[in-house]
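Me: Could you take a close look at one part of this model for me? I'd like the packing around the second helix, and then whatever charged pairs turn up there and further along.

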Amino acid sequence: MDICWLELVCCLKNSGMPIEEVKEFMMLCLNGSSTCEQRRELLEQHKENIEQKMNTLNRSLGMINYKLAHYNEIGIFHIDTH
């Protein structure tokens, strides 16, 4: 059980959940099944946050890939040795 908790804490933290929300989630877990709905709501909100960040990152990655392709196409992407 301890490893599962540690993995969950790492997952939440690594996916951008603020430490205060991680603590809140873990305290709700310790309070038992009466907090299931609150935990589900926290996870739903966190999931939405992750999806928004992923969309933003994917748009940024698309722009960067476009610019790299453009630079490679016109042949000016080189390392300055001066």
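Reply: Here's a walk through the second helix, its neighbours and the charged pairs.

Keep in mind that this is a predicted model. The part you're asking about, helix 2, spans residues 19-30.

Let's begin with the greasy side. The largest nonpolar core has eight residues: Leu12, Met17, Val22, Phe25, Met26, Leu28, Cys29 and Leu42. Helix 2 gives the largest share of this core, namely five residues.

Next, the partner helix. Helix 1 covers residues 2-14, and its axis comes within 10 Å of the axis of helix 2. The two axes cross at roughly 150°, and the crossing is right-handed. Who touches whom? On the helix 1 side you'll find Trp5, Leu8, Val9, Leu12 and Lys13. They meet Ile19, Val22, Phe25, Met26, Cys29 and Leu30 on helix 2. Sorted by class, this contact has 10 nonpolar residues, one charged residue and no polar ones. Leu12 in helix 1 is part of the largest nonpolar core, and so are Val22, Phe25, Met26 and Cys29 from the list for helix 2.

Cys29 deserves a moment of its own. If you ignore its neighbours within four places in sequence, Cys29 is in contact with Trp5, Thr35 and Arg39. Trp5 belongs to helix 1, while Thr35 sits in the loop between helix 2 and helix 3. Helix 3 runs over 36-74.

Now for that loop residue: is Thr35 buried or exposed? Thr35 has a relative accessibility of 5%, so it counts as buried; the cut-off for buried is under 20%. Once its neighbours within four places in sequence are set aside, Thr35 is in contact with Leu28 and Cys29. Both Leu28 and Cys29 are members of the largest nonpolar core, so this loop residue touches that core.

On to the charges. The count of salt bridges comes to four. One of them is in helix 2, where the side chains of Glu20 and Lys23 meet at 3.5 Å, N to O. Why do these two line up along the helix? Glu20 and Lys23 are three residues apart in helix 2, which means about one helical turn separates them. Glu20 counts as exposed because its relative accessibility is 54%, and the bar for exposed is over 50%. Lys23, with a relative accessible area of 47%, is partly exposed.

Helix 3 has pairs of this kind as well. Arg40 and Glu44 form a salt bridge through their side chains, at 4.0 Å from N to O. They are four residues apart in helix 3, so about one helical turn lies between them. Arg40 is partly exposed at a relative accessible area of 41%, and Glu44 is partly exposed at 35%.

Further along, the side chains of Glu51 and Lys47 make a salt bridge at 3.6 Å, N to O. Glu51 and Lys47 are likewise four residues apart in helix 3, about one helical turn. Glu51 has a relative accessible area of 37% and is partly exposed; Lys47 also counts as partly exposed, at 45% relative accessibility. Finally, salt bridges with shared partners join Glu37, Arg40 and Glu44 into one network.

Technical notes:
Residues numbered from 1 in each chain as written. Predicted model: local features only at pLDDT ≥ 70, side-chain atom pairs only at ≥ 80, totals over all residues. Heavy atoms only, no water. Core = buried A, V, L, I, M, F, W, Y, C linked by side-chain atoms within 4.5 Å. Buried < 20%, exposed > 50% of the residue type's maximum accessible area, 1.4 Å probe, protein only. Contact = heavy atoms within 4.5 Å. Axes fitted to C-alpha atoms, helices over the stretch in contact; angles between N-to-C directions. Left-handed = near helix turned anticlockwise from the far one by under 90°. Nonpolar A, V, L, I, M, F, W, Y, C, P; charged D, E, K, R; others polar.
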